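Subject: Handing over a structure

Hello,

I am passing a structure on to you, and I hope you enjoy looking through it. Please open it first, and then read my notes below.

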Amino acid sequence: MTLDAFFGPRGEASPAAPTRRRLGMVINGSLAEGLDLKLDSAVPIEAVKAGQYVTVDGERSRFFCVVSDLRLATTDPALATNPPDVSNPIIAQALRGTGAYGVVHVVPTLTQGTEKNGPVRTVPPHYSPAYESTQQEIERIFGHDDDEHLWIGSPLDMEDTFIRLDLPRLTERSSGVFGKSGTGKTFLTRILMAGILQKGAAVQLIFDMHNEYGWMGTSEGSTTQVKGLKQLFGSRVAVFTLDEEASRSRRVDTDATVEIGLDAITPEDLQDSAEALGLNDTQVQAIHRLERRLGGKSWLGEFLAMEGRNTLTELAESLAEHEGTLSALHRRLKGLERLTFIRPKARTDSVKQLLDYLERGITVVLEFGRYRSNGLAQVLVANMLSRRIYARWVDAVEKALAEKSKPPTQLVITLEEAHKFLNPHMAGQTIFGEIAREMRKYNVTLLVVDQRPSAIDSEVLSQIGTKITCLLEDDKDVSAVLAGTPGSAGLRGVLARLESKQQALIFGHAVPMPVVVRTRDYGSTPESYASFGFQEGAALARQAERDARDLMGE
Amino acid sequence: MTLSNGTVPDESQKLGEIIEASTVQVVAQSYELNVAPPFGSLVRMPHGPPRTSGAVYGVVTCIETTALDASRRPMARGQDADSRQAVFEQHPQLTELFRTHFTIHVLGYAMGDGIHHALPPLPPEIHQFVYTCTREQVGTFTASPGYLPLLLAATGPAGDEAVSTFLRGASAVRSPSDAESYLVAAAKQLIVLLRGDATRLNTLLGRLA
Ligand SMILES: Nc1ncnc2c1ncn2[C@@H]1O[C@H](COP(=O)(O)OP(=O)(O)OP(=O)(O)O)[C@@H](O)[C@H]1O
Ligand SMILES: [Mg+2]
């Protein structure tokens, strides 16, 4: 090797293509720990940042790497302890890159062959040159602007480069959006939902606990309100509400009001909500016996209507149940009556309505209105509806298998505050635990949104294919999110250095390698809506026309 | 580098003649007493068949003036004279009793195909002339830093003085901006070549700039 090769090309003529900026060369490394690059003296170390992409040209393939650490090194310890006179600019310049040089530690994440990208199973040889990855390279890895890819954001310091998610892979397994409060989970989720809608990747059922997805969400930014899905996608989205009054006062154009009849609630539904109802195991077992005893559909209504000690005592005796258990159960279940959407008998069949929409491929957003922080309402409704819809999807898939016909469309169910449904205590029994575990078998997956991933059952977390996580500060949460991910030690550092807003680390099924993005803008400009295919005036006209057609049942 | 057939560039001066030669080191005698190429400068000695552009290059690492007859010790003579010149006027034979010699360490050679920063296959020949180099010749010889290992090895009695003088001289034949990048590049090589000898490196770097 010539000294020139060691020092990198000198100032004047570098024959390399002008689009690739050379950074240095490989001087050390291992497959397990990554590569050390010696920075060329012409490259200021401060121009290289953690998280940046670097391409190393091996002899047989290119290695696509991410910068994980930067270090200062000297060739001779004496230079560090007894440095030459660096106040002299010539000496200072000469030392840079020779006696004293920067070392960039990179982790190879993909090898780029001529046709496709593959996992990393080897390392490039000594002195392989390393370059800043170009926009084209990055876009080749993360997909192009087509029907199967959703632009989610840009790499840090590369505003004009697009990182995209593979939509079929995103929706075919459950995915999760995590991050502490105020980091941009809701905005990210909105982008995912809008993208799935725009590209028709799946039909969605969105449990909108905080009323921010269907119609007008709030933003802390300069624009205080952002458009919801219904506003962007018109008749392709239906807004259901649990609280007509609240929706009306927010001037939301709702499509249906959800009502639940006491006669529709099964012991399993109550079991799903046991925690929210404050029921212990004995009480849950009593419910099952109660139902068998009172029978029919009206068992819950009858039980709640019972009044007076004596009635309950009699019932307890006939069931050979402890009287205390029964009266406590009675007291707890009475809480259901405070939920206005629960009536002795529902006027409409909300489940059927919901299925009608979903089966026509229309995304449904269910607003919770005043129940935005009512755990019981959230858990009960989400479980009840999902259990019935899931059952329908399971039937349809099995039927399609038997008849070799087209299976139902992929369904994505979005759950905010997912830990309420998927905590280690609940995950074993609720429908959501089941959906998460069954994975893609029945074409139903979850999009869970949570600020405390450590509160989610670890088995469920491990089934989440794609994780999109904003800043997390609690160590437990960080460990929970990264558990089982290769290279998690490096990712931990990356995660801790995210900015507190609009930046996220994405890894898993829908991306070929972990990536940090500045999330695409939502709502700050008209263009941000237009990029989802939204056209102000034209959209309204088209929507009206489509609405009319829908009304006519065409 | 090619020299136009046998001719010597204008500013190049013929100052001496080789009287002792090896592939590493040459001793030349000056034609004129007290006249020699400057310490630390690049010199050129034609080499190879006549009328080719071949030459050996070297750096002047020592200049000395001694009595021709080493067995006879010169005596002080100027006690009653007004100046050194007066001494020589009174004793004209003195010019013949002394000779100026200079030592050259070889840094490379030129053959038809250009400059080689390496020792020549054969030493320069006895009685070959020694010329000073033109600015252009210095610039060409030092265009790439390959001469540095031989230069660092060419330590005469004055140690690294010749090295730093040579490098300063080579930078002086360049434009100011080129001079700086030349010194930086040379310093970079020194840092690599003198790895493990921080004292020598620090001294040299200190003299460079
Ligand atoms: N992609 C984005 N485009 C525009 N603004 C954003 C984006 N991401 C985050 N923001 C800004 O950051 C604020 C907080 O984001 P968001 O409401 O999504 O946080 P969150 O994680 O859902 O918080 P919480 O846990 O409290 O619900 C938003 O109000 C908005 O102003
Ligand atoms: Mg939120």
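**Strands side by side**

Let me start with a single pair of residues: A:Thr241 has A:Glu367 of β18(A) opposite it. Please keep in mind throughout that this is a predicted model. The two strands behind that pair are β14 (residues 237-241) and β18 (residues 363-367) of chain A, which run parallel and are joined over five bridges. As a reminder, strands in a sheet are paired by backbone hydrogen bonds, in either a parallel or an antiparallel sense.

Both strands belong to an open sheet of 12 strands with mixed pairing in chain A. If you want to trace the sheet on screen, follow the order β9-β8-β23-β22-β21-β10-β20-β19-β11-β18-β14-β15. Why is one side of β9 and of β15 left without a neighbour in the sheet? The reason is that β9 (163-166) and β15 (256-257) of chain A stand at the edges, so each has a single partner strand.

**Around the ligand**

Next, please turn to ligand 1, which has 19 residues around it. Those that come nearest are A:Ser181, A:Gly182, A:Lys185, A:Thr186 and A:Glu220. By class, the shell holds 10 polar, six charged and three nonpolar residues. Which helix gives the most to this shell? That is α6 (residues 185-199) of chain A, with four residues.

Three polar contacts are worth a look:

- A:Lys185 has a polar side-chain atom 2.6 Å from an oxygen atom of ligand 1.
- The side chain of A:Ser181 places an N or O atom 2.7 Å from an oxygen atom of ligand 1.
- A:Arg520 uses its backbone instead, with an N or O atom 2.8 Å from a nitrogen atom of ligand 1.

Taken alone, ligand 1 would expose 630 Å², and the protein buries 86% of that.

**A cavity**

Finally, how many cavities of 30 Å³ or more are there? The count comes to one, with a volume of about 40 Å³. Its lining includes A:Leu170, A:Arg173, A:Leu192, A:Val412 and A:Leu446. In terms of class, six lining residues are nonpolar, three are polar and one is charged.

The elements that give two or more residues to this lining are α5 (167-172), α6 and β20 (444-450) of chain A. Of these, β20(A) provides the largest share, three residues. You have met two of them already: α6 in the shell around ligand 1, and β20 in the sheet.

Best wishes

Technical notes:
Residues numbered from 1 in each chain as written. Chains lettered and ligands numbered in written order. Predicted model: local features only at pLDDT ≥ 70, side-chain atom pairs only at ≥ 80, totals over all residues. Heavy atoms only, no water. Near = heavy atom within 4 Å. Polar contact = N/O pair within 3.5 Å; in protein donor to acceptor, adjacent residues only side chain to side chain. Areas by Shrake-Rupley, 256 points an atom, 1.4 Å probe, with all protein chains shown as cover. Nonpolar A, V, L, I, M, F, W, Y, C, P; charged D, E, K, R; others polar. 1 Å grid on protein atoms, 1.4 Å probe; cavity = no way out; pocket = protein on both sides within 12 Å on 5 of 7 lines; lining within 4 Å. Points joined across faces, edges and corners; volume = space filled by probe spheres on them. Pairing = 2+ DSSP bridges.
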